[in-house]
Amino acid sequence: MYLDRIKNPSLWAKVVSAESAAQLIKDGMTVGMSGFTRAGEAKAVPMALAERARHDPVGITLITGASLGNDLDRTLGEAGVIKRRMPFQADPGLRKLINDGKVMFVDQHLSETVEMLRSGQIGPVDVAIVEAVAIKENGEIVPTTSVGNSATFALLAKQIIVELNIGHSASLEGLHDIYIPTRRPYREPIPVTSPQSRAGLPFIPVDISRIAAIVITDRPDSCASVTDPDEGTAAIASHLTEFLGHEVNKGRMPLSLAPLQAGIGSIANAVMHGFIDSRFNNLSMYSEVLQDSTFDLFDSGKLTFASGSSITLSQAKMDVLKNLERYKSRLILRPQEISNHPEVIRRLGLIAINTALEADLYGNVNSTHVSGTHMMNGVGGSGDFARNAYLSVFVTKSTAKDGRISSIVPMVTHVDHCEHDVDLIVTEHGLADLRGLAPRERAPLIIENCVDPSYRTLLSDYFKDALKLGGQTPHVLDKAFFMHAAYRDTGSMLPQLAKPKAKAAVAA
Ligand code: COA
């Protein structure tokens, strides 16, 4: 039964099929949909929309919190429904459509989307589709496993479709803290002074008259596909925890460190696992995605509190949602503009740990564009955190694609995080502490500590040639991408692994 989850009986008549609700979405509309890193997305209505598009073409701008589960981005993309997408995605099918130029992807800092919507710089939002665990007496929506941008979508949309997901445990109610910053020019400080701070309401307040349809579902969130920690990620974690241990010894931090933020993906998740065997204790998190490692850290007794915008778990960890009561008093889910807000991040003094696709000799980081042109996922929240954190850490394995790509290159082919936002670079070989170093001091340290031994000579030779030309940040402009060009032409940045046939194929 679901009626007990719709507390206002006047809304019962709004319950319709997903197909009927999908009819509210017209060609050319902007749709704001719940969903953040595969958690808490609306599921039935977008599927019905994709199905409808088979015989009734419909194209929309789709704005979410972040990436979606249940293959929704692929399904909607391949059905031709998504014409424009923001602010983040992580789906291989949609990635292809983006890189083929068929979907216009606006890659945004995750804290900024709703500011732009509320001020009318983008939008307006025609329809909001929000997954809920309950609808309260006055129509207030209780979100599920993510908050993302849902509160502002519901506030701004002309019509709201609520997907009431009865498969989610009712115990999710009470987990959320919905705070929307006050209007400019009278904006007040955000009253979040610790990861535990509650600043708002445990539900999304809405104008009940704008709830146009309610769709009942029980489809679960998709599982995260993080890979288990391995030797390389364990080494990265060990370099970082050793470094933080020195910081504690120098009296710069207590053993509880500073609140931790960890980015998405296998590497960041594995690095967080590294804290389990560390000497630190009473840790806290102020992050956006709470992955498996958050709950492993709770279970190990190392973590006292975690604030995020979503809970995204692998299959092995899905039981967390069934046993939520065990963790609930130590968790808060917030809108992503608050979990990622520069003001709060700077106030709390976070240790931000995000992943680089590639970094260069001077500490610039590319997290998004393969070979400078092809979108991987998007910048997500990494920029929100990197610029404003107390300590901004970028982790990456030193090589990719079986050693054929070096993750440290002379010059990154796309800059997401500039040298001014990056304090530490860590690979399995070691850590480069860039704080207080000029570019000419950074390069030798990064080569010595972070580069895979097989690439050290190539990079030191480049740096020596660059020094001859001088400058604050020495480069040989006509050679700066020689490693990327070698990969394009021969399938490897390392001459020893080059495949001459690949070169011939490209030339042909
Ligand atoms: N060039 C080309 N491909 C590269 C590469 C490089 N320099 N470095 C890594 N890759 C490839 C890997 O081979 C892998 O490919 P595969 O999927 O075909 O196996 C893929 O990128 C993912 O790399 P992986 O090593 O598995 O790391 P990950 O799962 O931790 O993801 C990012 C790394 C950078 C893609 C991911 O963290 C990301 O999208 N970050 C940007 C958003 C972000 O940081 N959000 C966090 C804020 S909370």
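**Two cis bonds and two positive phi values**

Modeller: In this predicted model, Pro124 is found in the loop between helix H5 (113-118) and strand S5 (127-135).

Colleague: What makes the bond that joins Gly123 and Pro124 a special case to point out, cis or trans?

Modeller: Look at omega. For Gly123 and Pro124 omega is about 0 degrees, and the peptide bond is cis.

Colleague: How do you know the geometry of the bond from Met86 to Pro87?

Modeller: Omega again. From Met86 to Pro87 omega is near 0 degrees, and this peptide bond is cis. Pro87 lies in the loop between strand S3 (82-86) and helix H4 (92-99).

Colleague: Now Asp71. What makes its phi worth a look?

Modeller: The sign. Phi of Asp71 is positive, about 55 degrees, although Asp71 is not a glycine. Asp71 lies in the loop between strand S2 (60-63) and helix H3 (72-78).

Colleague: Why is Asp71 called partly exposed?

Modeller: Its relative accessibility is 42%. Buried means under 20%, exposed means over 50%, and partly exposed is in between. Asp71 therefore counts as partly exposed at 42%.

Colleague: Which sign does phi of Asn282 have?

Modeller: Positive. Phi of Asn282 is near 50 degrees, and Asn282 is a residue other than glycine. Asn282 is found in the loop between helix H8 (266-273) and strand S10 (283-286).

Colleague: Why does Asn282 count as partly exposed?

Modeller: Asn282 has 48% relative accessibility. Exposed needs over 50%, and buried needs under 20%. The value of 48% lies in between, so Asn282 counts as partly exposed.

Terms used
Residues are numbered from 1 along each chain as its sequence is written. This is a predicted model: local features need pLDDT of at least 70, side-chain atom pairs count only at pLDDT 80 or more; totals for chains, interfaces and linings use all residues. Side-chain values use heavy atoms; hydrogens and water are left out. Helices (H or I, at least four residues) and strands (E, at least two) are DSSP runs, numbered from the N terminus. Buried means under 20% relative accessible area, exposed over 50%, partly exposed in between (1.4 Å probe, protein chains only).
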